[in-house]
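Please consider the model shown below together with its sequence. The explanation then moves from the packing of helices to the interior.

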Amino acid sequence: MASATATSSAPGTLPEAKAIDGFLVLSLLAVLAVCIRAIWFTPVDAMLGAAQKIFYMHVPAAIVGLYVSCGLLAIASILYLWIKDERLDRLAESSAEIGLLFMGIVLVTGPVWARTSWGTWWVWEARITSTLFLWLLVLGYLVLRGAVESQENRARLSAVMGSLAALLVPFIHLTVKLFRGMHPGPVVLKPEKPSLPPEMLLTFLLANVAYLMLFFALLRVRMRWAAVRDARAAMEGA
């Protein structure tokens with residue numbers, strides 16, 4: 001994903017771009033700061049040891065990738081089918097692409113954590129398998145966008161697929177309760193108080209803030225890049 005930021009330009013010319021996006025740089029520094037805090041300034045878990053620190057990358061990436069990204073994908077797709085606004089199509093596309101990145105982080109860090117905690121890299125349980133399936137659905141969504149030449153048909157078909165793919169998220173959320181597996185239950189969002197000690201809870205909350213900042217920074221850059229791309233396509237087709 002390009003780090004260019006579109007700026008205003010004269011009519012009939014393509015938008016120019018900034019070389020550096022300040023909010024993206026700030027969000028990357030926030031993620032780096034959280035990683036430093038998690039590794040060197042957050043206590044080691046008594047049962048899982050240092051491997052538990054993957055939690056501060058794995059879970060926030062899951063929250064952003066599944067709930068935020070796929071949520072925006074679904075909302076933008078449904079609204080596009082109703083309003084037919086190209087900006088909603090770009091929002092859905094950008095959310096899906098960035099969500100694929102964050103879900104990829106989940107699927108990479110999960111096996112590393114599982115190898116230490118469960119003694120195996122992969123277990124075909126409901127939550128892990130359904131998350132992989134969702135990642136493949138979002139990948140298929142992006143492949144579909146690249147396979148359809150007509151902008152109108154591409155946007156319409158993609159909106160339908162994006163809406164349906166996001167329906168898997170509630171199922172993934174409920175898998176821990178619906179199926180017996182090795183995946184742990186909630187440790188923060190639970191009826192009683194969180195299971196994490198205050199130092200770990202603070203690191204976890206800061207990690208979520210940093211990951212959300214990174215998501216929206218990437219989303220802003222990606223949407224502006226898409227606007228430049230569509231403007232170029234419109235000029236070439238004129």
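The paragraphs that follow describe a helix pair, the nonpolar cores and one buried polar residue in this predicted model.

Helix 4 (residues 126-147) and helix 5 (residues 151-166) pack with their axes 9 Å apart, at an angle of about 175°. Because angles over 145 degrees count as roughly antiparallel, helix 4 and helix 5 are described as roughly antiparallel to each other. On the side of helix 4, the contact involves Leu 134, Leu 137, Gly 140, Tyr 141, Leu 144 and Arg 145. These residues meet Arg 154, Leu 157, Ser 158, Met 161, Gly 162 and Ala 165 in helix 5. Seven residues of this contact are nonpolar, three are polar and two are charged.

Leu 134 also belongs to the largest nonpolar core, which has 36 residues. Together with Phe 102 and Phe 215, Leu 134 touches the most other members of that core. At least two core residues come from each of helix 1 (22-40), helix 2 (55-83), helix 3 (86-117), helix 4, helix 6 (168-178) and helix 7. Helix 7 contributes the most, with nine residues. A second, separate core contains eight residues, among them Ala 38, Ile 54, Trp 113 and Met 200.

Leaving aside residues up to four places away in sequence, Phe 102 touches Ala 61, Val 64, Gly 65, Tyr 211, Leu 214, Phe 215 and Leu 218.

Asn 208 lies in helix 7 (residues 198-237). Its relative accessibility is 12%, and Asn 208 therefore counts as buried, the cut-off being under 20%. Beyond residues up to four places away in sequence, Asn 208 touches Pro 60 and Ile 63.

Notes
Residues are numbered from 1 along each chain as its sequence is written. This is a predicted model: local features need pLDDT of at least 70, side-chain atom pairs count only at pLDDT 80 or more; totals for chains, interfaces and linings use all residues. Side-chain values use heavy atoms; hydrogens and water are left out. Helices (H or I, at least four residues) and strands (E, at least two) are DSSP runs, numbered from the N terminus. Buried means under 20% relative accessible area, exposed over 50%, partly exposed in between (1.4 Å probe, protein chains only). Contact means heavy atoms within 4.5 Å. Axes are lines fitted to C-alpha atoms, for helices over the stretch in contact, and angles run from 0 to 180 degrees between N-to-C directions. Angles under 35 degrees count as roughly parallel, over 145 as roughly antiparallel, 65 to 115 as roughly perpendicular and the rest as oblique. Ala, Val, Leu, Ile, Met, Phe, Trp, Tyr, Cys and Pro count as nonpolar, Asp, Glu, Lys and Arg as charged, and the others, Gly among them, as polar. A nonpolar core is a set of buried Ala, Val, Leu, Ile, Met, Phe, Trp, Tyr and Cys residues joined through side-chain atoms within 4.5 Å.
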